[in-house]
Amino acid sequence: SLHSQLKTRVIDFEREPVSRVLKGASFDLILMVNTLNEIRFDKRVRLIEQLLRGSLTSGGKILIIEPALQKTTRELMELHDHLLERKLAKVLAPCLHQHSCPMLREGQRDWCHTYLEWERPEMIAEFDHRIGIRKDYLKCSYLILEKKQENSLPEKLAGGPAPWRAVSSLMRSNGKNQLVLCGESGARDGRLLHTERLDSDRSRFNIPLDQAKRGDIFLMEPIQKITKETLIRKL
């Protein structure tokens, strides 16, 4: 039979080194949910560095989930860039690349977050009904990190269309659809791909664009103006 054990411990991350608390233990998965935004930025950087260096098994991962607010998410994007610059981690998601965040560079307004569809528990549905709202989805920002291996080789791009992740919702207006995408080839140059397709150019090749949602991954060439011949595949 399988046996599980749960141990709890209250930790002040701003004052107590995590290595002293964990006492050399290593983990396959570390979850940090709505945690980092409660800690000063310099302390959260140090905490993640300590976990990456000393608290993960080979191939272990850290899943960070933060509120989808502009300030907290942009700080998470800054943490992302810091870890990549120091070569401390490999980012598995949401990024499809290992470059600094192009959205962070484009301006001060936008932040990379996502929506999660869910079935509301009965208690939440009743609460929504009483206050006149309806939460059909949850919003969050997140990072999935893997410890950077010293002998890891740089990844090479395979030939053919590259993967792009939608970092905006589909914007429909004035006879066209617009979508913002983030991927390897754009991030190398510090840019997002702002793409659009006129309704008159809708075809069986590019029809996956019609149902695009934030967070979806598409295979396509880095084209700003989608034509009838532009091939788009959703993964």
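Here is a walk through the model, with one stop after another to select in your viewer.

**Before you click**

This is a predicted model, so local features need pLDDT of at least 70 and side-chain atom pairs count only at pLDDT 80 or more, while totals for chains, interfaces and linings use all residues. Residues are numbered from 1 along each chain as its sequence is written, and side-chain values use heavy atoms, with hydrogens and water left out.

**The whole chain**

Start with the cartoon view. You should find 6 helices and 12 strands; these are DSSP runs, numbered from the N terminus, with helices (H or I) of at least four residues and strands (E) of at least two. Along the principal axes, the C-alpha atoms fill a box of roughly 60 × 55 × 45 Å.

Switch to a surface. The protein chain exposes about 15,000 Å², and carbon and sulfur atoms supply 52% of that area (Shrake-Rupley method, 1.4 Å probe; for residues, only the protein chains shown count as cover). Of the 235 residues, 37% count as buried. Buried means under 20% relative accessible area, exposed means over 50%, and partly exposed is in between (1.4 Å probe, protein chains only).

Contacts next, meaning heavy atoms within 4.5 Å. Of the contacts with a separation of 6 or more, 66% come from residues 24 or more positions apart.

**Stop 1: the tyrosines**

Select Tyr-115 and Tyr-137. The structure holds 1 aromatic pair, and these two residues form it, edge-to-face, at 4.8 Å centre to centre with 75° between the planes. For the cut-offs: rings of Phe, Tyr and Trp (its six-membered ring) pair if their centres lie within 6.5 Å, with planes under 30 degrees apart counted as stacked, over 60 as edge-to-face and the rest as tilted. The pair links distant parts of the chain, as Tyr-115 is in strand E4 (residues 114-117) and Tyr-137 is in strand E5 (residues 137-147), 22 residues apart. Tyr-115 is partly exposed at 28% relative accessibility, and Tyr-137 is partly exposed too, at 42%.

**Stop 2: Arg-165 and the cis bond**

Move to strand E6 (residues 162-166) and pick Arg-165. Is Arg-165 buried or exposed? Its relative accessible area is 13%, so Arg-165 counts as buried. Show what surrounds it: beyond its neighbours within four places in sequence, Arg-165 is in contact with residues including Tyr-142, Cys-182, Asp-216, Ala-93 and Pro-94.

Stay on those last two. The peptide bond from Ala-93 to Pro-94 is cis, with omega near 0°. Pro-94 itself sits in the loop between strand E3 (89-93) and helix H4 (102-106).

For a distance to draw, try Arg-165 to Cys-101: 13 Å, C-alpha to C-alpha, with their positions 64 residues apart in sequence.

**Stop 3: Asp-81**

Cys-101 turns up again here. Asp-81 lies in helix H3 and counts as buried at 8% relative accessibility. Outside its neighbours within four places in sequence, Asp-81 is in contact with Ser-100, Cys-101, Leu-104 and Arg-105.

**Stop 4: two positive phi angles**

Most residues other than glycine have a negative phi, and most peptide bonds are trans. Lys-87, in the loop between helix H3 (70-85) and E3, has a positive phi of about 55° although it is not a glycine. Lys-87 is exposed, with a relative accessible area of 62%.

Now jump to Asn-174, in the loop between strand E7 (171-173) and strand E8 (176-183). Asn-174 has a positive phi of about 50°, again without being a glycine, and counts as exposed at 75% relative accessibility.

**Stop 5: Leu-170**

Step back along the chain to Leu-170, in the loop between E6 and E7. Leu-170 is buried, at 13% relative accessibility. Its contacts, leaving aside neighbours within four places in sequence, are Asn-177, Gln-178, Leu-179, Leu-209, Asp-210 and Ala-212. The C-alpha atoms of Leu-170 and Gln-211 are separated by 7.9 Å, with the two residues 41 apart along the chain.

**Stop 6: Thr-230**

Finish in the loop between strand E11 (225-226) and strand E12 (233-234), where Thr-230 lies. Thr-230 counts as buried at 6% relative accessibility. What lies 2.9 Å from a polar atom of the Thr-230 side chain? It is the backbone nitrogen of Thr-227. Further along the sequence than four places, Thr-230 is in contact with Phe-205, Asn-206 and Ile-223.

Terms used: Polar contact = N/O pair within 3.5 Å; in protein donor to acceptor, adjacent residues only side chain to side chain.
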